[in-house]
Amino acid sequence: MKVSLFVTCLVDQFRPEVGLATVEVLRRAGCDVSFDPGQTCCGQPAYNAGYRADARAAARQTIQSLEESEAIVLPSGSCTAMTRHWPELFADDPQWRERAEAIAPKCHELSSFLVSVLGCTELGARFPGRVSWHDACHGLRELGIKSEPRALLATVDGLELIEHENSERCCGFGGTFSVKFPELSVAMLDRKLEGLQSTGVDAIASSDVSCLMQIEGRLARLGSRLRALHLAEILAGGAS
Amino acid sequence: MSHPAQDHSANLESFPENARRALNDSQLRGALRHATGVIDERRGQAVERVACWQELRERAKTLKAATLERLDHWLELFERNAIARGTQVHWARDAAEANAIVARLAADAGARTLVKSKSMTTEEIGLNQHLEELGHRVVETDLGEYIIQLAGETPSHIIVPAIHKTRAEIGELFHRTLGVKDSKDPKELTAIARERLREEFARADMGISGANFAIAETGSFLVLENEGNARLCTSLPRVHVALIGIEKVIPRLADLEVFLRLLPRSGTGQHLTSYQTLFSGPRAAGREGPEELHVILLDNGRSAMLSDSLSRQALACIRCGACLNVCPVYGQIGGHAYASVYPGPIGSVITPMLQGVEQAHHLPFASSLCGACRDVCPVGIDLPALLLKLRSKVRQGSAGSGDREQRRAFRLWSLAMSGPRRYGLLLRALRLARPLLERPGARSRLARWVPPLAAWTAAREFRPPAGRSFRELWRDQEAKDS
Ligand code: SF4
């Protein structure tokens with residue numbers, strides 16, 4: 001299957017290895033992966049901050065770059081959820097609205113693409129360690145993604161999935177929220193991480209780099225040895 | 001920490017400061033965490049037992065939307081039927097009018113002591129303060145409200161007004177204000193309150209209540225409660241006045257079938273509240289009850305919310321409080337930090353709608369948009385979508401001008417995001433900043449000029465941009481492969 005990668009701006013700039021891992025995983029699943037460098041950002045940072053015109057500028061660029069693709073895969077639930085807001089974002093612009101409506105259903109978050117579209121959970125990955133999953137809010141509550149990453153992790157050789165009672169709790173990132181109300185944002189994260197260390201996990205994993213930056217930033221400050229990993233990094237591990 | 005009853009709107013500006021203060025109050029956070037956790041767990045269990053929960057929510061949402069569509073019609077029908085049953089109906093455009101009506105009724109009744117059952121709508125208009133200024137004694141009779149009144153505070157939750165207080169704090173408060181011995185035992189504390197309140201019920205000349213639903217086809221209204229105090233408030237005094245927001249009207253008595261299954265479960269995790277009282281007119285000859293029954297229908301900004309399909313959605317709220325209990329922001333800071341009558345997700349939505357976005361411009365941003373509120377709302381209000389709409393409204397107005405730097409930053413950002421060449425320039429700029437971001441000393445110097453970086457790094461490490469972006473790595477790979 002021909003797949004176009006929408007790598008997302010955060011992965012592009014801060015965690016390119018997640019992008020490479022996503023490509024690797026998709027190829028292992030039998031996809032022919034392409035990347036169009038015309039893409040930039042889904043527009044979410046501006047959209048969530050209330051700057052709709054700025055969000056539209058970014059979204060237009062990315063839509064234009066990707067709309068010819070058959071299927072578009074994103075290593076992010078949050079940005080995928082944003083693609084579902086595109087039609088509403090262009091509510092007053094019939095032409096762009098139509099383009100947004102056409103492209104939105106073609107955009108898939110990585111785990112749901114692998115499991116629900118390709119029907120593929122076994123990727124021959126190996127990852128020795130105990131991992132706790134963080135259900136990132138937008139993937140969970142806007143896209144209904146819950147079982148897909150778990151189904152994928154279950155097939156990873158050597159990986160033990162430790163369910164944590166706070167897996168669905170928000171990490172407190174929230175885009176500009178994290179710097180507008182930094183103390184609050186960190187307090188929310190600390191509440192989430194409570195009790196995690198005592199479960200003896202080696203890593204906390206998620207499918208959103210934004211949450212991972214928040215989590216790893218705090219863990220590093222606290223001097224924790226816990227790692228914050230993207231799902232793709234785990235699935236691309238130990239190529240067979 | 002004390003939270004004197006105050007003119008709320010004056011403090012809406014101080015949300016960031018209030019939040020910070022709340023975060024440093026470990027007693028407050030402990031009480032909140034315990035109470036919101038318990039209530040939400042009970043809610044979850046109660047909801048689980050209703051197989052058709054989602055279907056009920058859909059029905060409630062549709063019903064509310066249809067009712068709000070023709071609210072004027074249902075209100076007129078309610079008025080007509082209420083009058084036919086001997087109820088006197090008053091209309092209040094705003095808080096001042098509503099307060100004046102209650103004050104006039106109190107004066108006509110020669111009322112000295114007024115007893116009240118729990119009502120957020122009376123909080124909204126600042127009724128107690130108004131009546132006290134006129135020399136009336138106003139006594140709250142719901143246990144939580146009684147505690148808040150003794151403490152001289154405002155409710156910090158729409159269902160559990162004293163949720164921020166520990167048992168020990170309440171014992172100390174009773175000791176200090178009522179002169180009883182200090183106790184932590186909830187049974188003892190309740191007994192003390194009950195004894196005091198009994199005297200008040202006996203001497204009250206007028207009872208004031210709110211309502212959960214007003215029923216158009218019968219002209220009656222329903223009050224839900226657990227303590228029996230609302231029944232006493234509305235049956236012992238000679239006059240009963242009910243203050244009802246115009247959005248509370250529903251067409252038919254049969255519609256309660258849906259709402260009575262949704263509201264108690266969502267609010268407290270109960271299948272049904274201990275008491276549900278339907279008021280349909282003053283006492284009939286030879287029966288007990290108040291001689292006069294007055295209903296005040298309050299607008300206070302609500303009809304303006306009807307004009308827009310999004311804000312109209314917020315009028316569907318049945319004030320169950322579930323969105324507060326599940327909100328990770330509310331759970332950390334509690335209701336007082338919002339400095340609005342209605343706190344939490346629904347408060348952040350309706351406060352700007354009722355009082356203006358200029359005044360309440362912080363509140364729509366007091367959320368990580370996690371969506372937990374939308375999941376639990378029994379009437380399916382899309383609270384995050386409403387917060388987003390309000391955010392863009394704030395940006396269009398002048399209230400956001402304090403964030404001029406941010407506005408400029410996003411303008412630049414959107415320029416960089418609207419073309420691959422410009423995006424490439426941004427990547428290069430980020431690369432140049434990398435050495436500064438990597439070295440702790442240089443980074444903290446940089447943070448002095450870049451407030452968001454300072455905000456981030458106060459309690460978190462910052463990951464600098466990668467040495468090579470994905471698109472560069474991809475290009476390298478392509479070059480190698482070909
Ligand atoms: S918005 Fe929904 S969840 Fe929140 S109080 Fe209103 S009805 Fe309850």
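Reader: Let's start with the contact between the two chains: about how much area do chain B and chain A bury between them?
Author: Happy to begin there, and please keep in mind that this is a predicted model. Of the area that chain B and chain A bury between them, 61% is on carbon and sulfur atoms. The total for chain B and chain A is about 5,600 Å².

Reader: Which residues in chain B lose the most area to chain A?
Author: Three residues of chain B stand at the head of that list, and together they make up 14% of what that side buries. They are Arg460(B), Arg463(B) and Phe470(B).

Reader: How many residues of chain B are in contact with chain A?
Author: Let's take both sides in turn. On the chain A side, 64 residues take part in the contact. On the chain B side, the number is 61 residues.

Reader: And how many salt bridges are there between chain B and chain A?
Author: One of the pairs to look at is Asp375(B) with Arg141(A), whose side chains meet in a salt bridge at 3.6 Å, N to O. That distance is inside the 4 Å cut-off for a salt bridge. Between chain B and chain A, the count is nine salt bridges.

Reader: Which helix of chain B gives the largest share of the side that touches chain A?
Author: Good one to find in the viewer. The element in question gives seven residues to that side of chain B, and it spans residues 404–417. It is helix H20 of chain B.

Reader: What is the make-up by class of the side of chain B that touches chain A?
Author: The charged residues on this side of chain B number 16, and the polar ones 13. The nonpolar class has 32 residues. By class, then, the side reads 32 nonpolar, 13 polar and 16 charged.

Reader: Turning to chain A, which residue forms a salt bridge with Asp135(A) at 2.9 Å?
Author: Asp135(A) has a salt bridge with Lys146(A), at 3.2 Å from N to O, but that is not the pair you ask about. The partner at 2.9 Å lies in helix H9 of chain A, while Asp135(A) lies in the loop between E5 and H8, so the pair ties together parts that are 15 residues apart in sequence. That partner is Arg150(A).

Reader: Is Asp135(A) buried or exposed?
Author: The cut-off for buried is under 20% relative accessible area. Asp135(A) has 2% relative accessibility, so Asp135(A) counts as buried.

Reader: What about the two partners: which relative accessible area makes Lys146(A) partly exposed?
Author: Arg150(A) has 13% relative accessibility and counts as buried. Lys146(A) is partly exposed, and its relative accessible area is 29%.

Reader: In chain B, how many residues apart are Glu247(B) and Arg319(B)?
Author: These two form a salt bridge, with the closest N and O atoms 3.6 Å apart. Glu247(B) is in the loop between strand E7 and strand E8, and Arg319(B) is in the loop between helix H14 and helix H15 of chain B. Glu247(B) counts as buried at 3% relative accessibility, and Arg319(B) counts as buried at 14%. Along the chain, Glu247(B) and Arg319(B) are 72 residues apart.

Reader: Now for the domains of chain B: how far apart are the centres of domain 1 and domain 2?
Author: The domain assignment of chain B gives domain 1 as 8–304 and domain 2 as 320–397, along with domain 3 as 413–481. Taken over C-alpha atoms, the centres of domain 1 and domain 2 of chain B are separated by 21 Å.

Reader: How much area do domain 1 and domain 2 of chain B bury between them?
Author: The contact involves 43 residues of domain 1 and 36 residues of domain 2 of chain B. Of the area they bury, 60% is on carbon and sulfur atoms. The total for these two domains of chain B is about 3,300 Å².

Reader: How many residue pairs are in polar contact across the interface of domain 1 and domain 2 of chain B?
Author: Salt bridges give no pairs here, since the count between domain 1 and domain 2 of chain B is zero. For polar contact, with both residues at pLDDT 80 or more, the number of residue pairs is 12.

Reader: Which helix gives the most to the side of domain 1 of chain B that touches domain 2?
Author: Helices H1, H3, H6 and H12 of chain B are among the elements that give two or more residues to this side. The one that gives the most has seven residues there, and it is H2(B).

Note on methods
Residues numbered from 1 in each chain as written. Chains lettered and ligands numbered in written order. Predicted model: local features only at pLDDT ≥ 70, side-chain atom pairs only at ≥ 80, totals over all residues. Heavy atoms only, no water. Buried < 20%, exposed > 50% of the residue type's maximum accessible area, 1.4 Å probe, protein only. Helix = DSSP H or I, 4+ residues; strand = E, 2+ residues; numbered from the N terminus. Contact = heavy atoms within 4.5 Å. Buried area = accessible area lost by both parts, 1.4 Å probe. Nonpolar A, V, L, I, M, F, W, Y, C, P; charged D, E, K, R; others polar. Domains from an automatic or database assignment. Polar contact = N/O pair within 3.5 Å; in protein donor to acceptor, adjacent residues only side chain to side chain.
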